[in-house]
Amino acid sequence: MDINQKILEIRNLFEKDVSILGKDEIYLKYFSKNTGLITGLIKEIPRLGIEERKVWGPKINSLSKELEENINLIDESSKLLIDETIKLTKGEKGYLHPTTETIREMNNFFKFYGFSVVEGPEIETEEYNFRKLNLPENHPATDLQDSLYINPGVLLRTHTSSVETRVLTENQPPIRVVVPGKCFRNETLTATNSSFFYQYQGVVVDKGITIKNLIQTLTDFHHHLFGDDVVLRFRYKYYPEVSPGLGTDIQCRFCRGEGCSVCKYRGYIEVLGSGMIHYNTLKMCGIDPEVYTGFAFGMGLDRLVMQRYKIDDIRKLYGGGIIYK
Amino acid sequence: MIIPLVWLKDYIHTSKSPKELAKAFTEIGLMLDKPIYGEVLDLEHRMDRADWLSIIGCARDIAAFEDLKLHFPKLISQKLKKTEELFIHIKSDKVNRFRTRVIKDVKVGESPKFIQDRLAAYGLPVINNIVDITNYVMVEMGQPLHAQDIDKFEKKEIVLRETAENETIQTLDSSLMKLKEGTLVLSENGNPICIGGIVGGLRTGVTENTTNIILDSGNYDQASIRRTSREVGIRNETVLRSEKFLSPELVDLAIIRATDLILEHCGGEAFENDDFEKEKYHPRIMTLHKERLDLISGENYYFDQAEKILEALEYEIIENKDNKIKVQVPFFRTDVEVEDDLVADVIRIYGYSKIKPQPINNYPPTDITPATLKFEAKITDLLISSGFHEHITDPIVKFDGVESRIAFLNSVNSEKDSLRLSIKETLQNVLKSYSKHGKSEIKIFEIGNVYSKEGENLIEEKVVGIMYESGDNQKNSEYIRRVIDLILSNLNIAFVLKTSSKHISIFSNERELGYFNGNFAELKINDLIKLTSFKSYVVTEFENLSKEDLTFVSHIDSQNGEIIEYAKNVSPLVAKIEFLGEFIDGSNRKVTFRFYTAYPNESKKIREEIMGNTSKRFNVTFIS
């Protein structure tokens with residue numbers, strides 16, 4: 001063993017430790033009975049030959065004395081103490097709006113299934129917002145009172161289905177898209193109803209698309225969103241732009257379908273409307289309904305977002321009433 | 001639709017519990033909407049199925065689903081002797097059908113118990129046998145009807161017409177009501193006695209002294225009913241039905257059934273009176289192809305059940321051969337438009353819970369996600385990583401008279417009747433919330449549309465709005481300026497700034513891509529996309545650049561950025577240019593910048609070129 005080298009190393013190490021470690025820690029590191037570095041050196045002395053002992057013994061002793069004195073001189077108060085048990089505050093990163101975060105998560109799911117993400121204008125014509133969705137004039141759902149009109153025939157889109165008709169008109173199958181988007185209705189504001197809200201729409205048109213494909217897609221999607229243990233219920237539901245229509249509910253997690261105040265005693269919570277795209281819609285959009293079939297689904301995003309992030313009022317979600325921690 | 005089970009069981013015999021029936025109704029399209037109280041189901045009604053606004057209609061579908069027999073009430077008084085007691089004049093094209101009957105010598109009194117029980121379970125008040133029977137038949141068959149006391153008519157006529165200005169009516173359930181011009185009414189001797197398809201009037205109403213009645217049942221323009229109902233503020237059981245697409249043929253069913261019940265329970269003698277029909281009814285014939293059913297359902301076994309299902313739903317089977325079923329659509333199914341609706345009926349009654357899911361097998365199509373969306377995400381991520389919080393705010397604001405602002409024609413809310421011109425208008429609401437929570441340094445942004453109009457042109461444009469608020473104006477503008485640098489340098493967009501009275505505009509390639517002012521900046525996403533270009537940030541070799549500083553005396557503040565930007569492009573040998581600072585020297589504003597070049601030997605020439613061209617172009621003086 002090269003004792004000279006060892007002494008040098010210990011001295012260098014000690015200099016660094018003095019600025020980092022506390023008084024007790026440093027004492028233990030060098031002088032503890034079992035693991036102390038100086039203790040270790042002293043333990044080596046008896047193993048040396050007589051001549052070496054004569055030379056190195058005093059050197060080791062003087063190093064030991066020197067370090068001990070230096071340790072006593074350490075002024076604890078001047079030292080920068082780092083307590084690693086204290087949690088640091090968070091960094092300078094910002095957060096996404098809960099709706100964007102949710103949309104991204106959904107998009108990621110659908111991208112994996114070959115869907116593109118598209119968008120369309122918010123200022124729409126009746127043609128795309130109503131007519132091509134098989135909603136003729138005078139249809140109760142097209143009541144002027146329920147939509148925000150800018151000019152006669154021009155309004156803010158009332159659903160993302162308007163983007164569906166645009167995509168179907170501007171593209172030929174195969175088509176697979178999802179549409180997250182802002183929608184508008186002429187409503188009086190309440191905690192659950194807003195004139196401004198978000199919808200998420202999905203559209204598939206191709207050869208041989210069936211209602212079985214729709215149910216599979218919705219099942220996978222809900223498992224992704226709510227976990228594999230979610231219980232789904234599919235039922236017939238009418239929407240003018242589809243036939244056959246399909247409503248999708250998830251079983252209430254609180255009562256397991258028995259009915260409680262959370263699910264308004266229905267046992268299930270409605271999440272989504274869907275169906276096979278109406279024959280007339282495909283036709284009006286320039287797609288041959290005898291060759292191609294397809295499905296579409298649409299859901300309100302806000303209730304889902306509010307549930308996930310524990311927001312009780314839609315006016316807070318989009319009215320500037322939320323901040324991030 | 002409210003379904004008292006005691007009433008439902010008049011038409012189907014089932015021992016199923018309310019809960020089991022609710023489950024079945026839900027699966028076929030009539031979702032249980034409210035908790036079950038006792039023996040009454042409250043089911044959600046979708047507007048297309050006008051026939052589901054009747055107990056018999058709901059019973060028909062549940063019978064088909066549960067494979068039960070439907071016991072339809074026997075109709076007796078199909079044809080009667082004609083009388084011309086009251087003349088009917090139709091003077092409005094909002095009337096599709098108006099059929100009347102006269103019943104003489106009725107005894108008004110209490111209704112039989114079964115009617116009282118059913119109306120009470122449904123939630124309708126019990127009044128007298130005549131009125132109760134019209135209500136009973138309305139709920140049973142889904143067609144509103146109406147009885148009036150003939151002896152209270154001053155003239156023996158009913159005119160269906162649209163009101164002139166300032167007409168009024170005394171309704172059964174309220175005081176004097178003023179009617180808007182163009183309201184469809186039944187009138188007698190010039191005065192409205194009833195708002196067609198909505199509510200009856202007090203004057204000709206049936207009372208305990210009534211002995212002769214006229215029974216009418218009509219079908220009117222649905223949109224007009226909805227409009228009038230809103231105008232007069234009445235939404236009763238009659239309106240709920242009249243405003244839907246009821247078949248004009250349903251009138252017959254209702255008036256015959258009501259006559260039968262009146263004759264049985266109130267006595268008297270019945271006669272046909274006038275019957276107006278705008279258009280003759282033609283039954284619709286449709287064909288269900290096995291091929292189509294297989295295509296939509298994805299299975300080949302549905303077709304075997306199709307005839308039985310369609311028959312149970314009262315489609316009349318005309319022919320079933322060669323994998324095609326030709327049917328006559330029942331008159332009450334006004335919702336059936338295309339063959340897929342027959343497909344829907346078959347799959348629905350077969351049971352949605354029996355559909356087996358199957359993944360899509362086709363190849364996924366080409367990705368058509370527009371570049372804008374990916375680009376937006378990139379800007380979002382850039383800002384998030386710089387500590388900005390994303391917010392989304394409702395773009396609807398109060399109209400302030402600004403000409404370029406888009407306003408709505410019909411908003412119900414006077415505080416929200418137009419669209420934002422800038423994100424700032426709505427994003428600043430978030431600022432207040434942060435301040436309220438005691439946050440002192442607020443960094444927020446939103447990506448969304450702003451809206452404006454130029455003449456007839458309506459413009460929606462996607463922008464990113466960025467806000468920094470520290471409470472110190474100087475600090476705010478410096479920070480915002482830095483964020484703009486951050487974004488544009490990340491996107492590799494060269495830009496110059498130009499000051500105007502409103503704000504500082506950001507220009508690149510002669511295009512104004514945004515502006516900033518105080519604590520806020522707004523950039524147009526579409527312009528950013530057009531201008532952005534790829535930039536390699538990788539350095540592989542050591543670049544030995546030599547540098548030189550230049551100082552000039554500026555005259556106009558807002559030009560300096562432009563001057564430096566210009567200087568950069570004077571010589572291709574300039575590798576980069578850096579702004580060093582500006583200082584005031586007496587009355588002069590001096591600006592210093594530094595250029596770098598990889599050609600030190602050409603340094604002097606470059607320097608002269610920059611000084612020469614720049615001073616000529618901008619009329620500034622360089623200091624040596």
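How far apart do the C-alpha centres of domain 2 and domain 3 of chain B lie? Select both domains and check: the distance is 36 Å. Keep in mind throughout that this is a predicted model.

**Stop 1: the domains**

Colour chain B by domain. The assignment splits chain B into domain 1 (2-66), domain 2 (87-277), domain 3 (285-352), domain 4 (371-531) and domain 5 (546-623). Now do the same for chain A. Here the assignment gives domain 1 (3-78) and domain 2 (98-318). Put a centroid on the C-alpha atoms of each: the centres of these two chain A domains are 74 Å apart.

**Stop 2: a sheet in chain B**

Show chain B as a cartoon and pick strands S5, S12, S4 and S13. These four strands make an open sheet, in the order S5-S12-S4-S13, with antiparallel pairing. Which strands stand at the edges? They are S5 (146-149) and S13 (269-277) of chain B. Each has a single partner strand, so one side of each lacks a neighbour in the sheet. Look along the sheet next. Neighbouring strands are turned against each other by 20 degrees on average, direction ignored.

Zoom in on S4 (residues 95-104) and S12 (residues 213-220) of chain B. The two run antiparallel and are joined by eight bridges. For one position to label, take B:Val102: B:Ile214 of S12 stands opposite.

Then add helix H8 of chain B, residues 250-266. This helix packs on the sheet and touches S4, S12 and S13 of chain B. Its direction makes about 15 degrees with that of S4.

**Stop 3: where chain A meets chain B**

Show both chains and select the contacts. On the chain A side there are 93 residues, in contact with 91 residues of chain B. How much area do the two chains bury between them? The value is about 7700 Å², with 57% of it on carbon and sulfur atoms. Display A:Lys212, A:Tyr236 and A:Ile323 as sticks. Together they supply 10% of the area that chain A buries against chain B, more than any other three residues.

Turn to the polar side. Between the chains there are five salt bridges. One to select is A:Arg104 with B:Asp381, whose closest N and O atoms are 3.0 Å apart. Polar contacts across the interface link 43 residue pairs, both residues at pLDDT 80 or more.

Finish on helix H8 of chain A, residues 211-226. With six residues, this helix gives the largest share of the side of chain A that touches chain B.

Conventions: Residues are numbered from 1 along each chain as its sequence is written. Chains are lettered from A and ligands numbered from 1 in the order in which they are written. This is a predicted model: local features need pLDDT of at least 70, side-chain atom pairs count only at pLDDT 80 or more; totals for chains, interfaces and linings use all residues. Side-chain values use heavy atoms; hydrogens and water are left out. Two strands pair if DSSP finds at least two bridges between them. Axes are lines fitted to C-alpha atoms, for helices over the stretch in contact, and angles run from 0 to 180 degrees between N-to-C directions. Contact means heavy atoms within 4.5 Å. Domain bounds come from an automatic or database domain assignment. Buried area is the accessible area (1.4 Å probe) that two parts lose on being put together, summed over both. A salt bridge is a side-chain nitrogen of Lys or Arg within 4 Å of a carboxyl oxygen of Asp or Glu. A polar contact is a pair of N or O atoms within 3.5 Å; within protein, one must be able to donate a hydrogen and the other to accept it, and residues adjacent in sequence count only if both atoms are side-chain atoms.
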